[in-house]
Amino acid sequence: MAQKTYLTRLKLTDFRNYADVGLSLDDRHVVLTGDNGSGKTNLLEAVSFLSPGRGLRRAVLADVTRVGAAGGFSVFANLEGREGEVAIGTGVEAQEEATGRRLRLNGTPAKSVEELTDHLNVLWLTPAMDGLFTGGSSDRRRFLDRLVLSLDPAHGRRAADYERAMRSRNRLLSEGRFDPAWLTGIEVQMAELGIAMAAARREMLDLLTALIARSSETPFPSPDLSLSGFLDEAGGKPFAELEEDYRSILQESRHRDAAAGRTLVGPHRADLLVRHREKNMEAERCSTGEQKALLVGLILAHARLTGDMTGCAPVLLLDEIAAHLDEGRRAALFDLVHDLGGQSFMTGTDRAMFSALGERAQFFTVSQGKILG
Ligand SMILES: Nc1ncnc2c1ncn2[C@@H]1O[C@H](COP(=O)(O)OP(=O)(O)OP(=O)(O)O)[C@@H](O)[C@H]1O
């Protein structure tokens, strides 16, 4: 059984519609109910700031600070983390909003937000992700990379370095500076990073596929997962060969890329393909309800994999998860979430929808930026 990581306290200052709120928690799941616009998703977003990145809304920091506040916001959390008790503080001061948020661990400034993953993993499912299968490939790629990140924290750095190298190559090509030594240097770096990124994605999907194959049946369909759009014929080729393949593709496509104004081949063009296994149908052709169920199945499988691989069950943020499920499916979902062994935060407008959780959850009512017990 994976170790449980859980929040024991959360305090928000000038965060979205919260001026100043504190919440004391035990290790059970957290159910937040309240009217539309009361602040439920905002609270989940605050918890998502306990992981690297821009949180579950991919927010611009300036939008997070409460309208009307003097400037800046903060999120403080105490948690029982992977390495024991830890106090996490993150936020920005008024004048820093453009530069990125600060992070303190036990009162000491952290070197980078990646250090958060030493203490916990936070995963989420929100209604904004409902269009994942029908929308553009960049959303699926971002989704895929977040899945990888929870198992392989170095993936974020690799992807950022790859993007940076690609941007410098694009700049050189667009300026017509075909300096072979310079371009080759960048392309070697892109090949190394790009193949490492592709390999990390593939490895995560292989692990997830194996986990799904050995899981017992649930009311949520099994997703079949694959990648396309970058070195699709790679098969079991060794890394060094793949790097050389990609490097020579880059070299040969300099003029084509210069004309296109972008790099046409690379892991930044890959796509996550999802199929509904039982129906043998692409996810984008499934009904809205089936797509949601597939996504739930995928997130739960990934949460389990994260627990298995890291030894720590993730904190799971499930926004409006119960809304469209019948009573039986809702109860089954709660059992599956509980079996993951972690602390989950769930939101909805109606407390009665969560009654099947019983004593497994602590309940709060959210009202106009206030939290009532
Ligand atoms: N920076 C901000 N300052 C003040 N209020 C904000 C800020 N950003 C968002 N809000 C407000 O916060 C309110 C609560 O939003 P939130 O998305 O948390 O609601 P919710 O309870 O999840 O509602 P729903 O059930 O409709 O999803 C919204 O009315 C929104 O306008």
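**Exercise 1. Strands β5, β6 and β7**

Determine how many bridges join β6 to strand β7 (residues 102-105), and in which sense the two strands run.

Solution. Strand β6 and strand β7 (residues 102-105) are joined by 4 bridges and run antiparallel. The model is a predicted one, in which local features need pLDDT of at least 70, side-chain atom pairs count only at pLDDT 80 or more, and totals for chains, interfaces and linings use all residues. Residue numbers start from 1 along each chain as its sequence is written. Strands are DSSP runs of E with at least two residues, helices are runs of H or I with at least four, and both are numbered from the N terminus; two strands pair if DSSP finds at least two bridges between them. Within this pairing, G91 has R102 in β7 as its bridge partner. On the β5 side, strand β5 (residues 73-81) and strand β6 (residues 84-92) run antiparallel and are joined by 9 bridges, with N78 having A87 in β6 as its bridge partner. The two strands β5 and β6 form a hairpin, with 2 residues between them.

**Exercise 2. The open sheet**

State the order of the strands in the open sheet of 6 strands, and explain why one side of β9 (122-125) and of β17 (370-372) is left without a neighbour.

Solution. The order is β9-β14-β15-β4-β16-β17, and the pairing is mixed. Because β9 (122-125) and β17 (370-372) stand at the edges with a single partner strand each, one side of each has no neighbour in the sheet. Neighbouring strands of this sheet are turned against each other by 25° on average, direction ignored, where axes are lines fitted to C-alpha atoms, for helices over the stretch in contact, and angles run from 0 to 180 degrees between N-to-C directions. Next come the individual pairings: β9 and β14 run parallel and are joined by 4 bridges, W124 having L317 in β14 as its bridge partner. Strand β14 (residues 315-318) in turn pairs with strand β15 (residues 344-348) in the parallel sense over 3 bridges, and L318 stands opposite M346 in β15. Helix α8 (residues 288-310) packs on the sheet and touches β9 and β14, its direction making about 170° with that of β9.

**Exercise 3. Two crossing helices**

Find the angle at which the axes of helix α3 (residues 137-151) and helix α4 (residues 154-174) cross.

Solution. The two axes, of α3 and α4, come within 7 Å and cross at roughly 135°. That makes α3 oblique to α4, given that angles under 35 degrees count as roughly parallel, over 145 as roughly antiparallel, 65 to 115 as roughly perpendicular and the rest as oblique. In the contact (C-beta atoms, placed from the backbone, within 7 Å), D145, V148 and L149 in α3 meet H155, G156 and A159 in α4.

**Exercise 4. Helix α1 and the ligand**

Decide how many residues of helix α1 (residues 40-48) are buried, and which helix gives the most to the shell around the ligand.

Solution. A residue is buried if 20 or more other C-beta atoms, placed from the backbone, lie within 10 Å of its own. By this criterion 9 of the 9 residues of α1 are buried, so the helix is largely enclosed by the rest of the structure. The ligand is surrounded by 16 residues, the closest being N17, N36, K40, T41 and N42. Both α1 and α2 (61-64) supply at least two residues of this shell, and α1 gives the most, with 3 residues.

Methods:
Contact = placed C-beta atoms within 7 Å. Buried ≥ 20, exposed ≤ 12 C-beta atoms within 10 Å, placed from the backbone. Near = placed C-beta within 6 Å.
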